[in-house]
Amino acid sequence: MSGSWAQRDFPHLNTGNCRITSPATNAYNCLAWAAGNDKQWWDPNGLYYWPKGVPREVSLDAVLQVYERLGFTICTGGELETGFDKIAVFVKEIGPRKIPTHAARQLESGDWTSKLGSFEDMSHKPVDAVRGPCYGEVKLFMSRPRQTAADAV
Amino acid sequence: MGQGTAEQLEKRPSKARVSVPVTDELLREIDSRARRLSVSRSTLLARLLQYGLEAEQLKRDQRLLRFQTLLAQWHLERGPTSSIEEMCTRPAYLSIIAMGPEALPLIIGQLRSEGNNPDHWFVALHYIAKGTDPVPDEDKGDMVKMSKAWLDWAEREMDVG
């Protein structure tokens, strides 16, 4: 494991629980990658792509709306369920604010895949191997009936 | 023949004439300084012009160095965040924005050099260019298309080499 990130940002990652799966790129970010999109950077900032109708604000509610529009609903946990796609939404709590920081997508193997900002994407297990000072903790899981490649965003 | 060596040619003053309107007061000042330095008016003016050009080049070099230093600092500061708000409010990024219009050609040059993996310069460009956003809605989020829209904008609106 030799990614672009600093160890202090992901103190729980190690050679045994993650594998880099792409070069570092600015082409897409975690929110898009969790939805299966590797062509866009999704952000509520008005200069970037953000799904129509979703408030352009940095809030957990807005991020939930993004994925609800793609058919996801909040579910109870991140265990592998046949026939379902799952994502995990990470939040960092600063005082009363819950700031959404990251989303990861479950692979068919049960491992998880994360795009780390402008850095690489990687598969990891467990899902919260990327928790820490940058991404905070997993706040909730969402799921939808598994999409075929043709359904992907 | 009679054209001299390359070295001699380099040192030979050009005979080009430049006409610049000056006030009588400024002309008296120029002549006074030329007398103090025991040089002709034209020699003094040529030297001043040379110093001015060198000073301008020095300023450009200093701006470029500052930009490159801030760029390196920004890359260190921003870490693995996916948030544009977080990324573009880092001190180094804000310092680049604070450089104002002088930063525009540097950012555009940097964006051009990044080719198919453009970085997140769009917020800085947007602010420095007073709210401009040349990216069509359908291309937002596509970093390469966003970059191209800004490079095209620079070609249209700026004197960027």
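The following exchange concerns the nonpolar cores and the largest pocket of a predicted model.

User: What makes the set of 37 residues a nonpolar core?

Analyst: A nonpolar core consists of buried residues of nonpolar types joined through side-chain atoms within 4.5 Å. The largest such core has 37 residues, of which Tyr48(A), Tyr93(B), Ile107(B), Trp121(B), Phe122(B), Leu125(B) and Trp150(B) touch the most other members. Tyr, Ile, Trp, Phe and Leu are all among the admitted types, and members must be under 20% relative accessible area, so these residues count as buried.

User: Which elements supply this core?

Analyst: Two or more residues come from each of α3, α4, α5, α6, α7 and α8 of chain B. The largest share, seven residues, belongs to α8(B). Apart from this core lies another, of 21 residues, including Val63(A), Leu64(A), Ile87(A) and Leu140(A).

User: How do you know that Phe122(B) is in contact with Leu47(A) and Trp150(B)?

Analyst: Contact requires heavy atoms within 4.5 Å, and Phe122(B) therefore meets that cut-off with both residues. Beyond its neighbours within four places in sequence, its partners also include Tyr48(A), Tyr93(B), Leu111(B) and Met146(B).

User: Why are Val18(B) and Ser42(B) called lining residues of the largest pocket?

Analyst: A lining residue has an atom within 4 Å of a pocket point, so Val18(B) and Ser42(B), listed among the 14 lining residues, satisfy this condition. The pocket has a volume of about 590 Å³. The largest share of its lining, seven residues, comes from α3(B).

User: How is the lining divided by class?

Analyst: The lining has 10 nonpolar, two polar and two charged residues.

How values were computed:
Residues numbered from 1 in each chain as written. Chains lettered and ligands numbered in written order. Predicted model: local features only at pLDDT ≥ 70, side-chain atom pairs only at ≥ 80, totals over all residues. Heavy atoms only, no water. Buried < 20%, exposed > 50% of the residue type's maximum accessible area, 1.4 Å probe, protein only. Helix = DSSP H or I, 4+ residues; strand = E, 2+ residues; numbered from the N terminus. 1 Å grid on protein atoms, 1.4 Å probe; cavity = no way out; pocket = protein on both sides within 12 Å on 5 of 7 lines; lining within 4 Å. Points joined across faces, edges and corners; volume = space filled by probe spheres on them. Nonpolar A, V, L, I, M, F, W, Y, C, P; charged D, E, K, R; others polar.
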